[in-house]
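Dear colleague,

I am passing a structure on to you, and below it I have set out what I found. Please read the notes with the structure open beside them.

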Amino acid sequence: MTREKRFARRRGGQRLYYEIGGRADAPPLLLIRGLSRSSSYWLEYRELLERERRVLVLDNRGVGRSDSPRGVWTTEAMADDAAAVLADSGVQRADVFGISLGGMIAQQLALRHPHRVDRLVLACTTPGGRAARRIEPRALAALARTATMPFDEAIRFSAPWALSEPFLARRPEIVDIWVAIAASEPRSRRGQLGQLWAAARHDASPHLRHLAHPTLLLTGDADRLVSPTNSERLEAALPRASMRTLRGAGHDFPTERPEETRDLVMEFLTRP
């Protein structure tokens, strides 16, 4: 399947890498990955979606082939990055799927650029601020520790936090695939720290009542990083939200359950 590879540019010359693939005649769907993950980590989930949709993926600032600009990063600025990618691609309006930090960015994208978003899927993410259930201290300490590790060591160390124990036992080669991706792409310590800071400071909760887009909330009940309680709080705050739980799935359930995740998302996106 042919995928176009492009760079969008923001003010100041910042470059944002993105790709477009899938069915050219189908509605567009933008995928936004989470902390320290480039678009390369979508793996089978992206391939499944490309059979049915025109799919755009981007490398958030600080990962993959996108730049790591100086200064303090916010999820608002990262949402503006995503809007710049949509504008550069010629896509006026798209459905948006964001996972973890990508879900925080997707919230801000819908709030700041509502005309760019049709339907919204927020996966294992949080509203931030006082409305959120905070990450457990052990998980927070694990994430902070990875910021000081070599990238390959950090991926192996963090994998049990991102993936459920049964999945890791069944598919241990996924971690080797992740390590190979990290070794093949540019790596930025500034990018990792910048994304951590943006996630830690995210707070969309005061504005969620104004987010009128139809929204699907997805979570795994074995998520050790972002409590499923946060999806419940998002559902309560958003005017047009529904929630589905993947039983036994960990934080990165598009990797663990690509077909099931695809089915839930497509059922929602094609609903009248």
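Which residues in α2 meet which residues in α3? Before I answer, please bear in mind that this is a predicted model, and that everything below is computed from it. On the α2 side they are Thr75, Glu76, Met78, Ala79, Asp80, Ala82 and Ala83, and these meet Leu101, Met104, Ile105, Gln108, Leu109 and Arg112 in α3. Sorted by class, the residues of this contact of α2 with α3 come to 8 nonpolar, 2 polar and 3 charged. Helix α2 covers residues 75–89, and its axis lies 8 Å from that of α3, with the two helices packing at an angle of about 75°. Since angles of 65 to 115 degrees count as roughly perpendicular, α2 and α3 are therefore described as roughly perpendicular to each other.

The overall picture

The secondary structure of the protein comprises 11 helices and 8 strands. Along the principal axes, the C-alpha atoms fill a box of roughly 40 × 40 × 35 Å. For 272 residues, a compact globule would be expected to have a radius of gyration near 19 Å, and the 17 Å of the protein agrees with that.

The sheet

The 8 strands make up an open sheet with mixed pairing, and their order across it is β1-β2-β4-β3-β5-β6-β7-β8. At its edges are β1 (4–9) and β8 (241–246), each of which pairs on one side only. From one strand to the next, the twist averages 20°. At the β8 edge, β7 (residues 215–220) runs parallel to β8 and is joined to β8 by 6 bridges, and within this pair threonine 215 of the chain stands opposite alanine 241 in β8. Helix α3 (residues 101–112), which we have already met through α2, also packs on the sheet, where α3 touches β3 (28–32), β5 (94–99) and β6 (117–123), and the direction of α3 makes about 145° with that of β5.

Helix α5 and its partners

Helix α5 (residues 151–162) packs with helix α4 (residues 137–146) at an angle of about 165°, and their axes are 9 Å apart. Angles over 145 degrees count as roughly antiparallel, and α4 and α5 are therefore roughly antiparallel to each other. Their crossing is left-handed. To this contact α4 brings Arg138, Ala139, Ala142, Arg145 and Thr146, while α5 brings Ala154, Phe157, Ser158 and Trp161. By class, the contact of α4 with α5 holds 5 nonpolar, 2 polar and 2 charged residues.

Helix α5 also packs with helix α7 (residues 173–184), where the two axes come within 10 Å and cross at roughly 140°, which makes α5 oblique to α7. The crossing of α5 and α7 is right-handed. Here Asp152, Ile155, Arg156, Ala159 and Ala162 in α5 meet Val175, Asp176, Trp178, Val179 and Ala182 in α7. The contact of α5 with α7 has 7 nonpolar and 3 charged residues, and no polar ones.

If you would like a place to begin, I suggest the sheet, followed by α3, which touches β3, β5 and β6, and then α5 with α4 and α7.

With best wishes

Methods: Residues numbered from 1 in each chain as written. Predicted model: local features only at pLDDT ≥ 70, side-chain atom pairs only at ≥ 80, totals over all residues. Heavy atoms only, no water. Pairing = 2+ DSSP bridges. Helix = DSSP H or I, 4+ residues; strand = E, 2+ residues; numbered from the N terminus. Axes fitted to C-alpha atoms, helices over the stretch in contact; angles between N-to-C directions. Contact = heavy atoms within 4.5 Å. Parallel < 35°, antiparallel > 145°, perpendicular 65-115°, else oblique. Nonpolar A, V, L, I, M, F, W, Y, C, P; charged D, E, K, R; others polar. Left-handed = near helix turned anticlockwise from the far one by under 90°. Rg over C-alpha atoms; globule rule 2.2 N^0.38 Å.
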